Structure formats: structure tokens, C-alpha cells
Amino acid sequence: MGIKDLLRFMKPYVESVHIKKYAGKRVGIDAYSWLHKGAYSCSMELCLNLEGDKKLQYLNYFMHRINLLRHYKITPVVVFDGGNLPCKSRTEDERHRRRKTNRDQAMLKLKEGNVAGAVELFQRAVSVTPSMAHQLIQILKSENIEFVVAPYEADAQLAYLSSLEEEKSGIVAVISEDSDLLAYGCPAVFFKMDSHGNGQEVELDRVFSSATLVPSFRHFNQDLFTGMCVLAGCDFLPSVPGIGIAKAYNLVSKYRNLDRVLSILKFEKGDQVPEDYTKSFKEAVAVFHHARIYDVSLKRTKHLKPVPEQLLQFLDEELDFLGPEILPSLATAIAQGSIDPCTMEAFDFFPNMVNHVSTANVKKICGPFSRQQASAQASKDCSFLAISSSKTRKETTVVETKQTSDEQKQCPFMDDRECIEEAVALQNLLCPSISTRKTVGKEKKSRQKEVLKVPDNNPFRKRKVEEIEPDELESVTEQISEVTEVESLEVVCTTPESQRSVESKPIKRIELRKVTNERKVKRSNCQSSENKKNSILNFFSRV
């Protein structure tokens, strides 16, 4: 990851500083670097896909540092990696192979009972996936933290933001663990930030202007510095055997011309230099200078720097090594974290949300849809579609703005409310009724369990007969018998007072003391006897 031994070679230019240096400024964050460090604390849970809160520890790690920046009045701008570059496939394959080997060894250690040894190997085997980044994005949305998903390399996107002014959503520094950012030309990079905000900073202006520090880069420019990094070996091109960072520096410092350096290298190393090394070298340098990035204002991708005509002629105008061109609508969906940048598929409509993520802040692209329909439509016009299941809907609604009419026809979107309605309709159509009943039954059972968890201290709650104590049951029976006697006198009682007593419904209280129950029974007996006498006298008086 990064240029091998570059930071150690540039140690005289590394300065220990505190992050509060950038108070009141906008600072970019390489999201995957923090996610990788956070994943070490829960590597075994992630590799084995275990359930529990510890599995989400990487989110707590990330947000702790975000809150640290906000404590010092720093505005964080989080940048995520996007799709894989074709020229980086060899490096990615090698990393995948190493992770698989470490995971297999960790499983053996775990079977042997050596948990400590297994955890150490799991830390080497853990990888950050787009779904993990998607969970983090939901938290960033709920916290109103600015973020963007790069079309390919996050380092290139951070370098582009570093080239902008702060008034135009630019950043003044980058927090990362990847030394590639210096090769991309980021003016200031903050490495190895701890939980207290301490870290190490490298400023390129200081590197190119210093006349006393050794090694001296006074006669270097950004092109020569990037060429030196590529010669030493990077993610896009391995170094020639015997060429490290020190040898690469000596060659570039001596000849100060990359084409001449390549000629000398071919002469000195002979057959150790691959035949296509010159072309691969220029492609790797072009990735650092002309990578595809996302322009937030234009809502489309473009090159980090314009590709010169001379380079286009040398490469026969083939720029596939920079990654395929992405339609503006698709690039916008990637940048907003709506779709997986690797598979180009929408994330699950009903994801498993973490505890502190508000579902109201989650924005999703309508789905799911069949792979056959998606592939057929992609082969037709290579656009991102939201397929409707409603019979009455004739056309889908376009969400993307500031696009031409042709692009709008190729890329129809629906708003959030319509997406939710259509997704629910699709789910009802696709799911059989039996499964729906089972789901409803499970929901009822879960609700009953939740009700049982409520403390049993509400005196106004209606309880079942089984819950009533024997003493209370006797009191209730006595009250019911008295009410029956009063209701039986309804024909005889004609006075207003007796009529009110009949029409009024006695309150059945459950939690009464035994003494009060006996008093109420005596009073009700007395009242009922008086009512009987009054009703008989009234009857004979009328006769």
C-alpha cells in the first residue's frame, strides 16, 4: 500500500504536529485507511461473519476520529474508494491471495485452540468491503458529514480536492496512511494520526524548497518526484529488481529526465527490464497525473489533469488503463453511495442498519430487479435504471437534473417516495402469501414479547383472570353480585335517584385492598335495601 519505504526515506521532511493546526479548515480523509485500522479490532468477527456489536467496532473507531476533528473545529470531507483500476489488477490479486492464505492459517490456529495466534492472522486477512463502507455512509448522512465516493482511486479524488480552493469545496490537507498521496501531488499529508490528534505531516512545498535537508529535492518538480515513486515500485507497476527508493532517487536526481532514466535503466539492467516496461511506466505515471475523478459541480467524471496530445499519441489514444468511462448518471449514483462501485448494483433496499443510524436519513435506489433485465438494459444503453412494478405507471421519473434530454431518456430515476412504494409493491408481488403470513406471525410474536417486557406497575391496565389474586377475585365477585341485584330492580325503581344508580356503570377496580372492599360491600348492601323500601312505598303511594 503506497510507495515502499518512501516515508522512511523522506524522514528529514516529516514533522510531528497536532491536528488542531487545521482548526477552521477543511481536511480530506482517506476513508479506507481508517476503516482498515478500525477493522483490526474486530477482524475475527468480520472474517467469520459473526453476529454481535463487536462486529461493528470499526464504525465506532471511525466516528471517534470524526468527532475528534469536529472538536477542534475542523470540517471533515470523507472520500471512499470506488471501482478497481485495470492496471491495479495484479496488485489486487496478490493481496487477495495473501488474505486467503492468512485466513486459512487463522482457521487452523482457531481449531487448535490458539485464539491469540488466530486473531493475529485474521488481522492480516480482513478486508474492507463496499457494504462496510455503505454502512458508514449511512452514519455520515445522519451526522451531516460531507462525503464522496470516487469513481476509482480515492487518492486521486483527494488530490483533485486539494487542487481546489476552500471556497470551491477544496481541502487544505489529507489524513491518510497511504504515501501514494505525495505521488499524486497533495500539498500536505497527515500520517499516523492517533486517538489524541497527534501525527506526522509532510508538506511538498517544504520538500521542494529546502536547501539544507538531505536527500535534497530542490531540483525536483512534481513530475520528477512522481517518476521517482513509480521507479521505486507502486501499486500500478512493480519495480525492476535491484531498484528501490534510494536507487530511483539517485537516477532521477542525476539525469533529471525520465526518458533518459528509462534508457539508462534498460542499459544497466538488460534482460531484467521487461520489454513493455517503458509503456507500463508511462501508464503508471499517467494514473498519478490524469486519473479519472468526479467533479461535484459538473456531476460527471473528468481527468485529474488534461491528458496532453503527445501522451495520447504514444498510447494510441487508449486510456482504458485509467478505468472505463462512466456515464454522468451512474457516476453521480456512485458518488452519492447509492450503488456498489465494483458490481454496479444497487445496495439492498432493506439493509441491516446499525443501532445509531436513522432510517429516515437512509437514501436508497429502487430495487431489487432481475439480473437478466439489468444486463439486457445495460447492454442496450449502459445506463442505470429503476424498474417499476406498477401496471398504471407508463414512464419512470427522472431524478437527475442538469442533463440533456437524451441522457434523461437513457437514465430514468424515481424519487425517494416512489422508490419506496415501488419496492414495497415489488416485494409483495415477489413474496408468496405463505411467507407473508409467517412474517406477520413472527411480528405478532415479537410484539407480544416486547409487551411482556413492560414493567407490571400500571394500576389501570386490564389484566386477565389468571393474573388476579384470590383475594381480589373474591372482591370482584362480590361487586358483580351487588350490581346484579341493582339491575334486577330496574322495573320497580322509578325514582330519578334509583334510575341513575341503575344506569351508572360501577368501576371495576382490580388493585384494591381487602379492607376497602369490605366497606364498599357494606355500603352497597345498605343502599340496595333503602332503594328497595323507597321503591315499594312509591309504588303503593301511586296506587
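# Notebook: Arg292 and its surroundings

**Entry 1. Starting at Arg292.** I began with one side chain. A polar atom of the Arg292 side chain lies 2.8 Å from the backbone oxygen of Gly323. I note at once that the model is predicted. Next I looked for a side-chain partner. Arg292 makes a polar contact with the side chain of Glu325, at 2.6 Å. So this arginine reaches a backbone oxygen at Gly323 and a side chain at Glu325.

**Entry 2. Buried or exposed?** I asked myself whether Arg292 counts as buried or exposed. Its relative accessibility is 11%, and the cut-off for buried is under 20%, so Arg292 counts as buried. I then listed what surrounds Arg292, leaving aside neighbours within four places in sequence. Pro151 and Tyr152 are in contact with Arg292. Lys302 and His303 are on the list too. The rest are Leu319, Leu322, Gly323, Pro324 and Glu325. Gly323 and Glu325 I had already met through their polar atoms.

**Entry 3. The strand that holds Arg292.** I looked up where Arg292 sits. Arg292 belongs to strand E8, which covers residues 292-295. I checked which way the side chains point. Arg292 and Tyr294 point one way from E8. Ile293 and Asp295 point the other way. All four are buried.

**Entry 4. The partner strand.** Which strand pairs with E8, and in what sense? The partner is E9, residues 300-303, and the pairing is antiparallel, over 4 bridges. His303 of E9 stands opposite Arg292. His303 is also in contact with Arg292. E8 and E9 form a hairpin, with 4 residues between the strands. In the turn, Lys299 has a positive phi of about 55 degrees.

**Entry 5. Stepping back to the whole chain.** I wanted the wider view. The chain has 543 residues, and 41% of them count as buried. I found 23 helices and 9 strands. I then took the contacts between residues at least 6 apart in sequence. Of these, 69% join residues at least 24 apart. The chain exposes about 32000 Å², and carbon and sulfur atoms supply 51% of that.

**Entry 6. The nonpolar core.** I wrote down one general point first. Nonpolar side chains tend to be buried together in soluble globular proteins. Here the largest nonpolar core has 125 residues. Those with the most contacts inside it are Met10, Phe62, Val78, Phe80, Phe217, Phe225 and Met228. Helix H4, residues 57-71, gives the largest share of this core, with 8 residues. I followed Phe62 further. Leaving aside neighbours within four places in sequence, Phe62 is in contact with Ile29, Ala31, Trp34 and Leu35. Val78 and Leu136 complete that list.

**Entry 7. Salt bridges.** How many salt bridges does the structure hold? I noted 20. I looked at three of them in turn.

- Arg8 pairs with Asp5, with the closest N and O atoms 3.1 Å apart. Arg8 is exposed, at 62% relative accessibility. Asp5 is partly exposed, at 32%.
- Lys54 pairs with Glu45, with the closest N and O atoms 3.9 Å apart. Lys54 is partly exposed, at 47%. Glu45 counts as buried, at 12%.
- Lys282 pairs with Asp259, with the closest N and O atoms 3.0 Å apart. This pair links distant parts of the chain, 23 residues apart. Lys282 is in helix H14, residues 277-290, and Asp259 is in helix H13, residues 258-269. Lys282 is partly exposed, at 23%. Asp259 is partly exposed as well, with a relative accessible area of 44%.

I also noted a network. Salt bridges that share partners join Lys88, Glu92, Arg95, Glu153 and Asp235.

**Entry 8. A loop proline.** My last stop was Pro187. Pro187 lies in the loop between helix H9, residues 180-184, and strand E6, residues 188-191. With a relative accessible area of 34%, Pro187 is partly exposed. Leaving aside neighbours within four places in sequence, I found Pro187 in contact with Ser162, Val202, Glu203 and Leu204. I also looked up Arg206, which is 19 residues from Pro187 along the chain. The C-alpha atoms of Pro187 and Arg206 are separated by 9.5 Å.

Technical notes:
Residues numbered from 1 in each chain as written. Predicted model: local features only at pLDDT ≥ 70, side-chain atom pairs only at ≥ 80, totals over all residues. Heavy atoms only, no water. Core = buried A, V, L, I, M, F, W, Y, C linked by side-chain atoms within 4.5 Å. Buried < 20%, exposed > 50% of the residue type's maximum accessible area, 1.4 Å probe, protein only. Helix = DSSP H or I, 4+ residues; strand = E, 2+ residues; numbered from the N terminus. Contact = heavy atoms within 4.5 Å. Pairing = 2+ DSSP bridges. Areas by Shrake-Rupley, 256 points an atom, 1.4 Å probe, with all protein chains shown as cover. Polar contact = N/O pair within 3.5 Å; in protein donor to acceptor, adjacent residues only side chain to side chain. Salt bridge = Lys/Arg side-chain N within 4 Å of Asp/Glu carboxyl O.
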